[in-house]
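Hi everyone, thanks for coming. I'd like to walk you through a structure that is new to most of us, so let's bring it up on the screen.

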Amino acid sequence: MLALIIAIPLIAAIALFRIPSENKELVRKIALGSSGLVFLLAFGVFLGFDSANSAMQFVHECSWVSVLNIQFKLGVDGVSVLMVLLTALLACASIFYYLNGKDVSVTFLALMLVLEAGILGVFMALDTVLFYVFWEVMLIPAYFLIGFWGEGDRVYATTKFVIYTLVGSLLMLVAIIGVTIAHYEATHILTFDIQTLVHTEIPKSDQIWMFICFFMAFAIKVPIFPFHSWLPHAYGAAPIPVLVLLTGAMSKTGAYGFIRFCLPLFPDAAEMMGFVIAGMAATGMIYGAWIAIAQKDIKSLVAYSSVSHLGFIVLGIFALNDQGLDGSVLQMFNHGIIAAALFFIVDILEKKLGSRDLSQMRGLKGKMPILYGIFMLITMAALGLPGLNGFVGEFLILAGVWTSSSMSGLAAIYVLMGGLTITFAAIYMLFFFQGAMQEKNEELPTDLTDIDKKQIYMLLPACVLIVFIGLFPKPFVDTISPTTKHILTIEKTVKTSKGHSDEHH
Amino acid sequence: MFYTWLILILPLLGFAGLSWFGDRIPKKLVGPVGCATVGGSFFFTLIALIHLLSMEPGERVGNVQTLYHWIQSGNFTLDLAILIDPLSVFMLLVITGVGFLIHVYSIGYMEKDPNIDTFFAYLNLFIFSMSVLVLAADFFFLIVGWAFVGLASYLLIGFWTEKTSAVFAARKAFVMNVIGDVGMVIAAFMIFENFGSITYMDVFAQAPEKFLANDDTMLLITLFLLVGAFAKSAQIPLHTWLPDAMEGPTPVSALIHAATMVTAGVYLVARCHVLYDLAPYTMMLVAAVGVITALFAGSMGMVQYDIKRVIAYSTMSQLGYMFLAVGIGVYSVGMFHLMTHAFFKALLFLGAGSVIHSMNDEQDIRKMGGLKESMPITYYTFLIGTLALCGFPLTAGYFSKEAIIMSSWYAEGSNPVFWALAIAGAGMTGFYAFRVFFYSFFGTCRTAEAHPHESPTIMTYPLLILAFFAIFAGFGAPLAHSFLAPVFGGVVPEHHTNGFLEIIAVGVALSGIIVAAIFYAEGGEAEGKSDGLKELLAPIHDVLFRKYYIDELYDVLIVQPVKKTGEFIWKTGEQKGIDFVVDEVGAQVKEMSRLLSIWQSGKVRIYALNMIAGTVFVLIFVVFL
Amino acid sequence: MGSQFVLIVSASIFCIGATGFLIRKNPLVMFMSLELMLNAVNFLLIGYSHFLKSLDGQIFALVVMTVAAAEVVVGLGIILTIFRTRHELNVDEIDALKG
């Protein structure tokens with residue numbers, strides 16, 4: 001089932017390359033059909049997922065490089081099942097959105113599908129090498145998508161994005177090998193299986209450098225302050241369907257990496273450096289929010305608000321307790337939906353008005369009442385109004401930070417920073433929403449129309465999820481919670497520290 | 001008591017229904033639908049009241065109705081539950097009762113507005129949120145309700161979205177309230193950390209055992225809760241949004257910014273009285289801020305010309321009195337003033353609305369005058385409201401305010417300074433309340449083209465009903481105190497009688513009225529005659545009129561620096577700092593490879609020489625070493 | 001006549017070739033020097049094939065000759081093209097790959 005989820009978009013991508021691009025209807029059917037099918041499968045996995053069970057489920061396993069015992073092993077737990085669902089949903093939505101645009105490029109669609117497959121693979125891989133491969137697979141389509149179809153200084157943006165990310169991921173490759181060697185030294189079994197490796201106790205000094213290597217890869221991908229400088233350029237240049245996948249799903253791979261690797265593999269290092277990273281994350285969330293206040297370009301406003309929200313997510317992860325981690329995973333899902341919806345709205349406004357400058361738009365409410373309502377709901381979710389999904393996540397994260405034992409003295413400061421961030425979020429989101437929609441404007445073009453049915457259908461799922469998670473977070477938190485508990489309490493059964501290893505032999 | 005859920009569900013249904021189908025049903029039907037849901041809520045509140053009264057006093061507290069298990073994360077669990085006790089029912093009576101009257105009034109007031117369906121949807125949303133706030137059985141849903149009333153207030157202040165000033169006022173109110181929400185959230189974390197639970201029942205049961213009075217933790221928790229309370233109830237220093245909030249339609253001002261939402265802060269202190277009793281220092285602060293706000297707002301109200309702003313300042317001032325009451329520990333006295341205030345302040349706002357309506361949306365009292373003849377019902381009801389506001393003997397305001405002033409002399413946590421300030425505030429109240437009254441109803445009309453007329457009956461009936469309560473509600477004081485007593489540990493506040501003090505209090509209030517009469521009995525400034533008060537107060541008039549320059553001060557100290565810093569971080573920190581460093585790393589790598597590439601001379605013979613030299617070197621290495 | 005003789009002759013030829021390659025500037029002469037070096041190796045291979053009583057060395061020599069022939073074809077082609085476009089044949093002047 002999981003292998004199918006990855007295979008379908010890849011096969012569809014190949015098929016799209018092969019068929020003549022004049023056949024618009026067929027292109028449409030393949031692209032939409034495959035991404036829709038993936039979403040249905042992902043939803044099926046979500047429904048079939050046993051949330052009480054913290055183990056990996058739907059595991060698909062076969063040998064890949066048998067000499068090195070590298071396996072093609074996929075599986076989902078409570079964290080990844082939500083991410084898979086999110087990715088499939090966003091990919092489906094952005095492809096749908098792209099197909100409703102004017103020019104449809106077959107190559108674009110094919111690359112989008114490859115990107116989708118890459119992200120899905122990252123979330124499902126249970127083998128470090130396989131994880132690394134998918135990690136790089138994500139990068140290639142993203143490079144071309146931004147480089148060919150982007151706007152502004154797109155080559156600079158995409159080059160910066162790819163090189164910056166690559167630096168991190170190469171460090172990660174080193175650490176991946178390091179972890180396996182550490183395991184090999186203790187047991188003389190060569191394996192890249194994540195589930196086996198997490199039980200290995202790595203000596204503290206080794207933990208630190210390996211942790212930093214993994215951390216760099218994920219920190220750049222998320223990105224957290226101060227490794228975020230590719231983001232404004234890449235987000236600014238990326239076309240909206242790509243951007244939705246980038247911010248909604250790809251940025252989550254970084255946060256997911258923290259949860260999948262950094263915490264279970266290197267608990268001591270995470271404990272030791274948690275408060276530093278939380279400090280970076282907390283700085284980043286204020287930093288992003290503060291810059292967002294100064295933005296006049298709505299696309300970069302939303303981009304910087306993403307920096308802020310992603311900081312929030314990472315902060316929760318490094319609280320290193322149940323609430324913080326649950327909140328972070330839930331917030332990953334929430335932010336994926338909210339940010340994606342906001343970027344769609346940015347693009348709709350840009351297409352209708354021909355400008356993204358906030359000072360150019362005013363008083364759209366009169367002409368676009370439906371968008372007004374939807375936009376208001378999403379704004380409220382983005383600024384963390386209680387009762388909507390954003391708040392549940394933020395509340396859990398801050399509660400986790402407040403009670404976190406690993407950052408005892410600094411916890412209060414981080415929570416206060418979180419409070420300031422929420423206040424800033426209210427300011428910039430209201431600047432955006434009120435500035436665009438309210439007040440009086442006589443100069444609006446007369447042929448301005450409200451959003452059409454297709455656009456409503458696209459934004460509607462976001463609205464439903466925003467309200468649903470806000471009111472009934474339990475099914476989601478119940479899915480996440482056993483897994484996070486498991487991750488925080490993994491037992492180290494394989495000892496590799498030098499003193500112990502002698503006794504083993 | 002499961003039917004109490006209907007109190008919440010009805011307005012929610014109203015909101016959902018009106019926002020989805022509002023534009024598809026006849027405009028005439030929108031108002032009645034909106035009223036019916038709130039009326040239904042009021043009905044069920046009455047049933048709950050009777051139900052509670054039928055119980056033994058001891059059983060009336062702690063009735064928690066759980067709907068479902070809401071969330072479970074680690075050791076943090078929470079049910080979706082509501083709490084029915086005398087305090088919440090008392091608040092609900094005000095919310096749904098006064099709310100219902102204001103809904104009815106709105107049918108007339110908003111009749112011609114094209115977006116009347118949205119308006120009623122928002123009003124229903126507000127009633128729903130406010131009910132969540134008071135019915136919450138734990139701090140989490142308190143915060144949810146807290147933020148939702150903020151949202152409803154935001155939506156209704158900015159209801160006329162085409163009006164720039166309304167949009168800005170709405171934004172200001174929202175941001176100020178978010179600051180309050182953050183304070184509450186932090187308080188909730190501290191409570192969770194210390195008590196392992198955030199339901200009222202667990203926390204209030206544990207608190208007295210776990211903490212001594214004035215424990216640091218207790219002080220911090222109560223202070224963070226206060227941030228929320230002060231932001232919502234427009235107390236210094238978080239008060240600046242309330243006068244601006246008058247940009248919204250007048251029924252909104254009556255409902256949200258006078259009768260119900262702004263009193264949430266008082267409710268919060270009363271609800272958490274167990275915690276506040278353990279933090280006498282915080283109580284002191286509550287009382288001090290309350291009484292200072294009472295005075296401060298009163299002084300600003302004396303010189304304003306916008307009829308709604310004057311009433312808004314009086315609201316702030318009366319809220320100050322309520323905070324004084326709860327701050328000195330006489331909770332049910334404060335709650336009772338909350339109720340009478342809801343009656344007479346809603347009455348005043350609706351009266352003002354009636355005036356504004358008939359003057360074609362004119363709010364400046366300098367342009368009114370002489371409305372006595374043309375609007376008799378409004379005139380008399382407004383008079384009653386004004387008298388009640390001033391605490392004129394035997395009106396509702398007299399009983400409730402008098403009790404606060406007397407308690408401020410006698411209560412343990414108080415001191416004579418509070419009493420003196422409270423008295424001074426009462427004098428101001430008399431003055432500004434009657435100033436507005438004389439300005440609007442006496443003399444002759446100062447706008448030639450206006451044709452003031454009495455409002456339709458749908459607007460005057462609510463006025464009459466509220467006027468009735470504004471006069472007679474005061475006699476219910478003993479009933480209210482004994483009804484609320486179980487919540488506040490069975491304490492019924494003593495009724496202090498001291499003829500001398502009472503005479504002082506009433507005397508000061510009356511002298512305020514008399515001063516107003518001296519200056520304005522002829523209907524305020526007539527043509528060519530300047531404002532007598534303005535000359536008298538010349539040195540400080542501007543300071544008062546510009547609201548002590550606090551808006552300007554906040555702009556200079558907070559708003560502009562935040563914007564400038566944002567700009568600075570973006571332009572300098574981000575683009576010239578972090579981004580520059582990253583680009584520079586790339587540039588340096590390039591530079592280094594340029595240096596290395598000098599080795600690549602492009603000359604074949606040099607390559608060959610290198611190759612051979614290398615081979616020789618390796619050979620030497622292998623053979624001889 | 002021992003294997004030493006083969007080694008010395010081979011090394012001498014190789015050194016002559018290498019020196020020629022380094023000091024001449026005409027690509028054609030450089031080519032001939034290159035062939036000389038290859039032949040030095042071939043000589044060694046064949047010589048040792050004789051001493052070790054194994055045909056491997058001779059087979060390998062054949063392979064080297066084939067490669068050399070192929071190389072000459074490609075190389076001469078390149079040299080001709082360069083000559084046609086630049087009308088001179090000084091290797092020191094041809095440094096388009098300069099970094």
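Let's begin with who touches whom. Two pairs of chains are in contact here, and chains A and B share the most contacts. Please keep in mind that this is a predicted model.

So how many residues does each chain bring to the contact between A and B? Chain A puts in 39 residues, and chain B puts in 39 residues. On the chain A side, several helices each supply at least two residues: α11 (267-293), α13 (322-353), α15 (389-402), α16 and α18 (474-488). Which of chain A's helices gives the most to that side? That is α16(A), with eight residues. If you sort the chain A side by class, you get 21 nonpolar, 11 polar and seven charged residues.

Let's stay with α16 of chain A for a moment. This helix covers residues 408-437, which is 30 residues. From the first C-alpha to the last, α16(A) reaches 43 Å, close to the 44 Å expected at 1.5 Å a residue. Is α16(A) mostly covered or mostly open? Mostly covered: 21 of its 30 residues are buried. And just after α16(A) comes A:Glu439, with a positive phi of about 70 degrees.

Now for the other pair. Between chains B and C, 11 residues of chain B are in contact with 10 residues of chain C. Those chain B residues divide into five nonpolar, four polar and two charged. Chains A and C, on the other hand, have no contact joining them, and their closest C-alpha atoms are 22 Å apart.

Finally, let's look inside chain B, at a pair of packed helices. As a reminder, two packed helices are described by the angle between their axes and the distance between the axes. Here the pair is α19 (residues 416-441) and α22 (residues 499-520), both of chain B. Their axes are 7 Å apart, and the helices pack at an angle of about 30 degrees. Angles under 35 degrees count as roughly parallel, and α19(B) and α22(B) are therefore roughly parallel to each other. Their crossing is right-handed.

Which residues meet there? From α19(B) they include B:Ile423, B:Phe431, B:Phe434 and B:Arg435, and from α22(B) they include B:Ile504, B:Val508, B:Leu510 and B:Tyr520. By class, the residues of this helix contact divide into 17 nonpolar, five polar and one charged.

That's my tour, and I'm happy to go back to any part of it.

Terms used
Residues are numbered from 1 along each chain as its sequence is written. Chains are lettered from A and ligands numbered from 1 in the order in which they are written. This is a predicted model: local features need pLDDT of at least 70, side-chain atom pairs count only at pLDDT 80 or more; totals for chains, interfaces and linings use all residues. Two residues are in contact if their C-beta atoms, placed from the backbone, lie within 7 Å. Ala, Val, Leu, Ile, Met, Phe, Trp, Tyr, Cys and Pro count as nonpolar, Asp, Glu, Lys and Arg as charged, and the others, Gly among them, as polar. Axes are lines fitted to C-alpha atoms, for helices over the stretch in contact, and angles run from 0 to 180 degrees between N-to-C directions. Helices (H or I, at least four residues) and strands (E, at least two) are DSSP runs, numbered from the N terminus. Angles under 35 degrees count as roughly parallel, over 145 as roughly antiparallel, 65 to 115 as roughly perpendicular and the rest as oblique. A crossing is left-handed if the near helix is turned anticlockwise from the far one by less than a right angle, and right-handed if clockwise. The expected span of a helix is 1.5 Å times one less than its number of residues. A residue is buried if 20 or more other C-beta atoms lie within 10 Å of its own, exposed if 12 or fewer, and partly exposed in between; C-beta atoms are placed from the backbone.
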